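The exercises below ask the reader to work from a set of coordinates towards statements about burial, packing and backbone geometry. Each task is followed by a solution that proceeds in steps.

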Amino acid sequence: MRTAGARMPVLKSGLKRVLGRTGFDIVRSANNLGGVDDFIPFEATMRAARAAGLSVGDHIDAVMNGTPGATQSTIDKLRDLGVFATDPQTVLEIGPGSGRYLEKTLKECSPDRYEIYETAGPWADYLVTTFGVVARPTAGSSLAPTPDASVDLVQAHKVFNTVTFLCASRYFYEMARVTRPGGRIVFDVMTETCLDPAAVQAWATDGGSGHDSYPAAMPRQTCVDLFATLNCTLEASFLAPMGVASTEVLVFAKGA
């Protein structure tokens, strides 16, 4: 599986420079499946965060990505949109990686159950131990272990701009399947809104070679139209920093 791990939007060369200054380097996943550990090695990141006196998430935002406060800003906007207002009792997150969105989500609500689908073993173990979440077995682009209509909030951050079009699309069907009527689906994709000529130039020049499918674009209208066929309506959207440019966060509500 080369899908569910939340790829942090860091450029490989830039991360190597950051980690190199602290004596660390990128360690490629032993299973070569493209998990988050391709970008964010567990042990090195934990040590660097402790040395900097930061939480893991804040360290990734401020030091590795160069976008301090980016994760909190996204959570703040979701709060303002009322995503947490109904106090979701079941949350599912695809590719939580280091848990930077997970940790801040748990400060906004207190679900009885928080499921994760994460390919990077060390990070998944860390999240289970630290936050008491339930790690589900990953299977490509499926959420098969999760029953139909059983989740109040399904989210994925910085995941679908790192995988192929078909992989993301298959996850979209699964996200709609597991969401309860009245529940919310939140994720970000690199839409045409994020790809004006200046952004394209930044990715093509400053962005270097990227990594495998990262960064991957997804037509905005395709998302809206697809979810409409799955009884999910776009409630809101906003831009969030990603790499040298941005990504668009979409918030859908599932109908009754």
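The exercises that follow concern a predicted model.

**Exercise 1. Overall make-up**

Task: Determine how many helices and strands the chain contains, what share of its residues is buried, and what share of the contacts joins residues at least 24 apart.

Solution. Step one is to count the secondary-structure elements, which gives nine helices and seven strands. Step two is to turn to accessibility: of the 256 residues in the chain, buried residues make up 55%. Step three is to take the contacts between residues at least 6 apart in sequence and to ask how far along the chain they reach; 71% of them join residues at least 24 apart.

**Exercise 2. The nonpolar cores**

Task: Find the residues with the most contacts inside the largest nonpolar core, and state which elements each supply at least two residues of this core.

Solution. The largest nonpolar core has 28 residues, and those with the most contacts inside it are Val56, Leu78, Val83, Phe84, Trp123, Tyr126 and Val186. Going through the elements in turn, at least two residues of this core come from each of the helices H2 (42-52), H3 (56-64), H4 (70-80), H5 (100-105) and H6 (121-131), and likewise from each of the strands E2 (113-117), E6 (232-242) and E7 (245-254). Apart from this core lies another, of 27 residues, which includes Leu92, Val159, Met175 and Cys223. As general background, nonpolar side chains tend to be buried together in soluble globular proteins.

**Exercise 3. Two helices and the glycines after them**

Task: List the buried residues of H2 and of H3, and describe the backbone just after each helix.

Solution. Begin with H2, whose buried residues are Phe42, Ala44, Thr45, Met46, Ala48 and Ala49. What covers these buried residues includes H3 and H6. In H3, the buried residues are Val56, Gly57, His59, Ile60, Asp61 and Met64. For the spacing within such lists it helps to recall that an α-helix has 3.6 residues a turn, so residues three or four places apart point the same way. As to the backbone, Gly53, just after H2, takes a positive phi of about 70°, and Gly66, just after H3, also has a positive phi of about 70°.

**Exercise 4. Positive phi outside glycine**

Task: For Asp87 and Lys158, give phi and the place in the chain, and decide whether each is buried or partly exposed.

Solution. Asp87, a residue other than glycine, has a positive phi near 50°, and its place is in the loop between H4 and strand E1 (90-94). Because its relative accessibility is 36%, Asp87 counts as partly exposed. Lys158 is not a glycine either, yet has a positive phi of about 55°, and it lies in the loop between E4 and H7. With a relative accessible area of 4%, which is under the 20% cut-off, Lys158 is therefore buried.

**Exercise 5. Thr162 in its loop**

Task: Locate Thr162, classify its burial, and identify the backbone oxygen that its side chain reaches.

Solution. Thr162 lies in the loop between strand E4 (151-156) and helix H7 (165-178). Its relative accessibility is 4%, so Thr162 counts as buried. The side chain of Thr162 then reaches the backbone oxygen of Val159 at 2.6 Å.

**Exercise 6. The packing of H7 and H9**

Task: Describe how H7 and H9 pack, and then place Ala217, which is found in the loop between helix H8 (197-204) and helix H9 (220-229).

Solution. The axes of H7 and H9 are 10 Å apart and the two helices pack at an angle of about 35°, with a right-handed crossing. H7 contributes Phe165, Phe172, Tyr173 and Ala176 to the contact, while H9 contributes Thr222, Cys223, Leu226 and Phe227. Ala217 has a relative accessible area of 47% and is therefore partly exposed. Leaving aside neighbours within four places in sequence, Ala217 is in contact with Met190 and Leu195. The C-alpha atoms of Ala217 and Val163 are separated by 9.3 Å, although these residues are 54 residues apart along the chain.

**Exercise 7. Cysteines**

Task: State how many disulfides the whole structure has, and classify Cys167 and Cys232 by burial.

Solution. A search of the whole structure finds zero disulfides. Cys167 has a relative accessible area of 7% and is buried; Cys232, at 2% relative accessibility, also counts as buried.

Key. Residues are numbered from 1 along each chain as its sequence is written. This is a predicted model: local features need pLDDT of at least 70, side-chain atom pairs count only at pLDDT 80 or more; totals for chains, interfaces and linings use all residues. Side-chain values use heavy atoms; hydrogens and water are left out. A nonpolar core is a set of buried Ala, Val, Leu, Ile, Met, Phe, Trp, Tyr and Cys residues joined through side-chain atoms within 4.5 Å. Buried means under 20% relative accessible area, exposed over 50%, partly exposed in between (1.4 Å probe, protein chains only). Helices (H or I, at least four residues) and strands (E, at least two) are DSSP runs, numbered from the N terminus. A disulfide is a pair of cysteine sulfur atoms within 2.5 Å. A polar contact is a pair of N or O atoms within 3.5 Å; within protein, one must be able to donate a hydrogen and the other to accept it, and residues adjacent in sequence count only if both atoms are side-chain atoms. Contact means heavy atoms within 4.5 Å. Axes are lines fitted to C-alpha atoms, for helices over the stretch in contact, and angles run from 0 to 180 degrees between N-to-C directions. A crossing is left-handed if the near helix is turned anticlockwise from the far one by less than a right angle, and right-handed if clockwise.
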